[in-house]
Amino acid sequence: MKESAQTSSVFVNIASCTLNFVDGKQVIIASDGKNNLIVSVLQDESDKIEIKKSVLKHYKKAKSISQLAEMCGYSCTKTFTRHFQSSLNTTPKQWILALKEKEMIRYLKDTDYSLKQIAVLLNFSNQSQLSHFCILRTGFTPKELRESK
């Protein structure tokens, strides 16, 4: 089944994924059989690719925007934020929150993961933080979102 990605999409429960590159190369990524893949797809403009690649590589490990800036090769958080905003038209914090929101919604609607598992996957310190984030960002509780499949 072909599914068209919007400007950004997160797909879960993927057994394998085939990537077709502009230069004709092809890469097939498969799960290890025990765990399925989670694939995040972003449609991009070439001038924004480098900063997005760097941010996507590091954002889940970073505990703060200054740490993310450092992991992306910037010694100054203000410079990182300025470059990020000029490339992506939003702040790093807002972009990460929007991405986290999309991932949370996808997990709630498309998986049977417990709230505890989703909280761990999205780096929340507990389920309560996940629930609070969910209500703030969507206006719904995780249970309400899950039931709206």
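The buried residues of helix α1 pack against strand β4 (37–42) and against helices α2, α3 and α4. In this predicted model, the buried members of α1 are Ile51, Lys52, Ser54, Val55 and His58. They lie on the same side of α1, because the arc they cover around the axis is only 165°. Glu50, Lys53 and Lys57, on the other side of α1, are exposed.

**Overall architecture**

The protein contains 7 helices and 4 strands. Along the sequence these elements follow the order β-β-β-β-α-α-α-α-α-α-α. Of its 149 residues, 30% count as buried. The accessible surface comes to about 10,000 Å², and carbon and sulfur atoms contribute 52% of that surface. Among contacts in the protein with a separation of 6 or more, 51% are between residues 24 or more positions apart.

**Nonpolar cores**

In soluble globular proteins, nonpolar side chains tend to be buried together. The largest nonpolar core in this model has 13 residues. Within this core, the residues with the most contacts are Val55, Tyr59, Leu68, Phe80, Phe84 and Trp95. Helices α1 (49–58), α2 (65–71), α3 (77–88) and α4 (92–110) are the elements that each give two or more residues to the core. A second, separate core comprises 12 residues, including Met104, Ala119, Leu122 and Cys134.

Phe84 illustrates the packing around the largest core. Apart from its neighbours within four places in sequence, Phe84 is in contact with Ile51, Val55, Asn89, Thr90, Thr91, Pro92 and Trp95. Two of these partners, Ile51 and Val55, are among the buried residues of α1.

**His58 and the region around Met71**

His58 belongs to helix α1. With a relative accessible area of 13%, His58 falls under the 20% cut-off and is therefore buried. Its side chain reaches the backbone oxygen of Met71 at 3.2 Å. Beyond residues up to four places away in sequence, His58 touches Leu68, Met71 and Cys72. Of these partners, Leu68 is one of the residues with the most contacts inside the largest core, and Cys72 is itself buried at 14% relative accessible area.

Met71 is also approached by Lys61, a residue of the loop between α1 and α2. Lys61 and Met71 are 10 residues apart in sequence, and their C-alpha atoms are 9.2 Å apart in space. Leaving aside neighbours within four places in sequence, Lys61 is in contact with Gln67 and Met71. The side chain of Lys61 also reaches the backbone oxygen of Lys57, at 3.3 Å. Lys57 is one of the exposed residues of α1. Lys61 has a relative accessibility of 49%; because exposed requires a value over 50%, Lys61 counts as partly exposed.

**Strand β1 and its distant partners**

Val12 is placed in strand β1 and is buried, with a relative accessible area of 11%. In sequence, Val12 and Tyr107 are 95 residues apart, yet the C-alpha to C-alpha distance between them is 7.4 Å. Not counting residues up to four places away in sequence, Val12 touches Leu37, Ile38, Arg106, Tyr107, Asp110 and Thr111. Leu37 and Ile38 fall within β4 (37–42), while Arg106, Tyr107 and Asp110 fall within α4 (92–110).

**Backbone conformation at two asparagines**

Asn13 also lies in strand β1, which spans residues 8–14. Although it is not a glycine, Asn13 has a positive phi of about 60°. Asn123 is located in the loop between α5 (115–121) and α6 (127–138). Asn123, likewise a residue other than glycine, has a positive phi near 65°. Asn13 is partly exposed at 39% relative accessible area, and Asn123 is partly exposed at 40%.

**Cysteines and a summary of accessibility**

The structure holds 0 disulfides. Cys17 counts as buried, at 17% relative accessibility, and Cys72 is likewise buried, at 14%. The table collects relative accessibility for selected residues.

| Residue | Relative accessible area | Class |
|---|---|---|
| Val12 | 11% | buried |
| His58 | 13% | buried |
| Cys72 | 14% | buried |
| Cys17 | 17% | buried |
| Asn13 | 39% | partly exposed |
| Asn123 | 40% | partly exposed |
| Lys61 | 49% | partly exposed |

How values were computed. Residues numbered from 1 in each chain as written. Predicted model: local features only at pLDDT ≥ 70, side-chain atom pairs only at ≥ 80, totals over all residues. Heavy atoms only, no water. Buried < 20%, exposed > 50% of the residue type's maximum accessible area, 1.4 Å probe, protein only. Contact = heavy atoms within 4.5 Å. Areas by Shrake-Rupley, 256 points an atom, 1.4 Å probe, with all protein chains shown as cover. Disulfide = S-S within 2.5 Å. Core = buried A, V, L, I, M, F, W, Y, C linked by side-chain atoms within 4.5 Å. Polar contact = N/O pair within 3.5 Å; in protein donor to acceptor, adjacent residues only side chain to side chain. Arc of directions from axis to C-beta.
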